[in-house]
Amino acid sequence: MDLATRRRRASLFFFFLIPGLSISSWVTRTPDIRDQLGASTAQMGLVLFGLSVGSMLGILSSGALVARFGTRPVMGVGTALIVAGSVAIGCGALFSSAPAVTAGLFLFGAGMGGGEVAVNIDGAEVERITDRTVLPTLHGFFSLGTVVGAALGILCTAVEFPVQWHLGGMAVVTAGMFAYAIRAIPAGVGRTRRNTADGGTAPARPAVWKDRRLLLIGGIILAMALAEGAANDWLPLLMVDGHGVDPALGSAVYAGFAAAMTLGRFCGGFFIDRFGRAPVVRASALSAALGLALVIFADSPVLAGAAVLFWGLGASLGFPVALSAAGDSGPDAAARVSLVAMIGYIAFLVGPPSLGFLGDHYGLRSAMIVVLAFVAVAVFLAPAIGTRRATVAGGAPATANEQDEQPVTEK
């Protein structure tokens with residue numbers, strides 16, 4: 001790996017770390033923010049709707065923006081919006097303003113959604129350059145950020161540190177990381193639309209949404225993103241309201257989920273290279289389903305807290321592996337990653353408010369049955385993910401063209 005590629009990969013680590021730090025800082029303080037706003041579970045669902053709408057608008061525009069301008073400016077603007085959103089959420093908590101918190105979550109979601117496609121396209125490009133499984137590790141830094149952010153959130157919750165100063169301080173730290181990381185990202189990556197001599201644009205990209213396999217990959221990412229997003233949005237409150245633990249312990253359980261996600265993503269590359277994508281995704285979905293079932297149906301807070309580890313391990317690889325599979329499933333990787341990421345973000349649009357309304361009527365534990373059902377479907381969709389990184393007959397690594405033609409063999 002040459003020096004420029006090494007620096008680029010290191011910078012991508014920061015672009016994944018920043019949203020992880022930011023979102024876990026918000027999530028671990030949701031009980032405190034809810035109390036400062038005086039909001040019910042259903043009202044918190046509406047507040048979270050700002051995050052969902054912002055994420056969807058960002059993801060809908062991200063693919064076109066990358067095709068027009070490349071990944072670098074889209075990643076830059078998206079990260080700046082994440083930092084600004086953290087500040088706005090803190091101000092909303094300070095003034096007990098639900099609209100301000102909703103607006104901050106909208107900015108945060110627009111930044112994450114808008115930058116999501118760009119940073120994953122850049123990561124997929126690094127995978128192609130290095131011929132190594134990179135995206136799970138990159139997403140591992142997002143999870144590492146959630147672990148570190150959750151630990152700080154637990155500490156701040158325990159000592160009753162003001163939410164606004166907590167989120168404001170995190171905004172300063174992440175802004176510094178962003179200023180450092182943006183310098184190593186090359187310009188022009190993912191850019192496919194350029195002005196022509198007569199002032200028009202290049203021909204439209206192919207209609208990738210007609211690709212049946214790509215839509216099945218989208219179904220996998222929908223289910224696994226919902227499993228991850230449900231924990232990010234509701235897990236502390238699920239443990240507090242559904243299992244009767246105190247807020248600090250609820251945040252600690254979320255930290256355990258984030259730690260399991262981190263472990264799964266940092267170790268995932270080895271298992272993908274050894275066994276292939278499809279078996280790993282199927283095992284991940286089964287693990288997530290087991291964890292969710294125990295959290296939903298077990299009456300013991302200790303057992304439910306332990307089951308969250310299976311939930312986290314299971315949810316860890318679905319999103320990055322599906323994006324990697326989408327990127328090499330055919331021509332125009334930017335359009336393919338954009339489509340699959342957009343399908344995944346439907347989970348973030350529909351999931352939080354829907355789970356909030358269901359939780360208000362039936363309890364959050366019962367609401368999570370919806371998530372369990374989606375994850376169960378992902379078990380059967382796993383073959384669509386392909387087996388690109390597995391070993392084929394003869395001991396050579398499978399290529400993209402071989403992924404649907406060669407069986408996985410054991411060493």
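Me: How many disulfides does a search of the whole structure find?
Reply: The model is predicted: local features need pLDDT of at least 70, side-chain atom pairs count only at pLDDT 80 or more, and totals for chains, interfaces and linings use all residues. Residues are numbered from 1 along each chain as its sequence is written, and side-chain values use heavy atoms, without hydrogens and water. A disulfide is a pair of cysteine sulfur atoms within 2.5 Å. The number of disulfides found in the whole structure is zero.

Me: Is Cys-156 buried or exposed?
Reply: Use the relative accessible area: under 20% is buried, over 50% is exposed, and in between is partly exposed (1.4 Å probe, protein chains only). Cys-91 has 37%, so Cys-91 is partly exposed. Cys-156 has 13% relative accessibility, so Cys-156 counts as buried.

Me: Which residues of helix H2 are buried?
Reply: Helices here are DSSP runs (H or I, at least four residues), and strands are too (E, at least two), numbered from the N terminus. H2 covers residues 30-37. Its buried residues are Thr-30, Pro-31, Ile-33, Arg-34 and Leu-37.

Me: Within what arc do the buried residues of H2 fall?
Reply: Look down the axis of H2. The arc is that of the directions from the helix axis to the C-beta atoms. The buried residues line one face of the helix, because they fall within an arc of 165 degrees.

Me: What positive phi does Gly-38 take?
Reply: Gly-38 comes just after H2. Its phi is positive, at about 65 degrees.

Me: Which residue in the loop between H4 and H5 has a positive phi near 50 degrees?
Reply: The residue is other than glycine. It lies in the loop between H4 and H5. At 43% relative accessibility it counts as partly exposed. The residue is Ser-96.

Me: What is the relative accessibility of Glu-160?
Reply: Glu-160 is found in the loop between helix H6 (135-158) and helix H7 (163-181). Its phi is near 60 degrees, again a positive value in a residue other than glycine. Glu-160 counts as exposed, because its relative accessibility is 69%.

Me: At what angle do helix H4 and helix H5 pack?
Reply: Axes are lines fitted to C-alpha atoms, for helices over the stretch in contact, and angles run from 0 to 180 degrees between N-to-C directions. H4 spans residues 71-94, and H5 spans residues 98-130. Their axes are 7 Å apart, and the angle is about 160 degrees.

Me: Is H4 roughly parallel or antiparallel to H5?
Reply: Under 35 degrees counts as roughly parallel, over 145 as roughly antiparallel, 65 to 115 as roughly perpendicular, and the rest as oblique. The angle here is about 160 degrees. That makes H4, relative to H5, roughly antiparallel.

Me: Is the crossing of H4 past H5 left-handed or right-handed?
Reply: A crossing is left-handed if the near helix is turned anticlockwise from the far one by less than a right angle, and right-handed if clockwise. H4 passes H5 in a crossing that is left-handed.

Me: How many residues of the contact of H4 with H5 are nonpolar?
Reply: Ala, Val, Leu, Ile, Met, Phe, Trp, Tyr, Cys and Pro count as nonpolar, Asp, Glu, Lys and Arg as charged, and the others, Gly among them, as polar. The contact has nine polar residues and one charged. Its nonpolar residues number 17.

Me: How far apart do the axes of helix H3 and helix H8 come?
Reply: H3 is residues 41-69, and H8 is residues 212-243. They cross at roughly 170 degrees, which makes H3 roughly antiparallel to H8. The crossing is right-handed. The axes come within 12 Å.

Me: At what angle do H8 and helix H9 pack?
Reply: H9 runs over residues 247-275, and its axis is 7 Å from that of H8. H8 passes H9 in a right-handed crossing. The packing angle is about 150 degrees.

Me: How many of the residues of H12 are buried?
Reply: H12 covers residues 318-327. Its buried residues include Gly-318, Phe-319 and Pro-320. H12 is mostly covered, and of its ten residues the buried ones number ten.

Me: How far apart in space are Ala-325 and Ile-217?
Reply: Ala-325 lies in helix H12. It counts as buried, because its relative accessibility is 0%. Ala-325 and Ile-217 are 108 residues apart in sequence. In space, C-alpha to C-alpha, they are apart by 7.7 Å.
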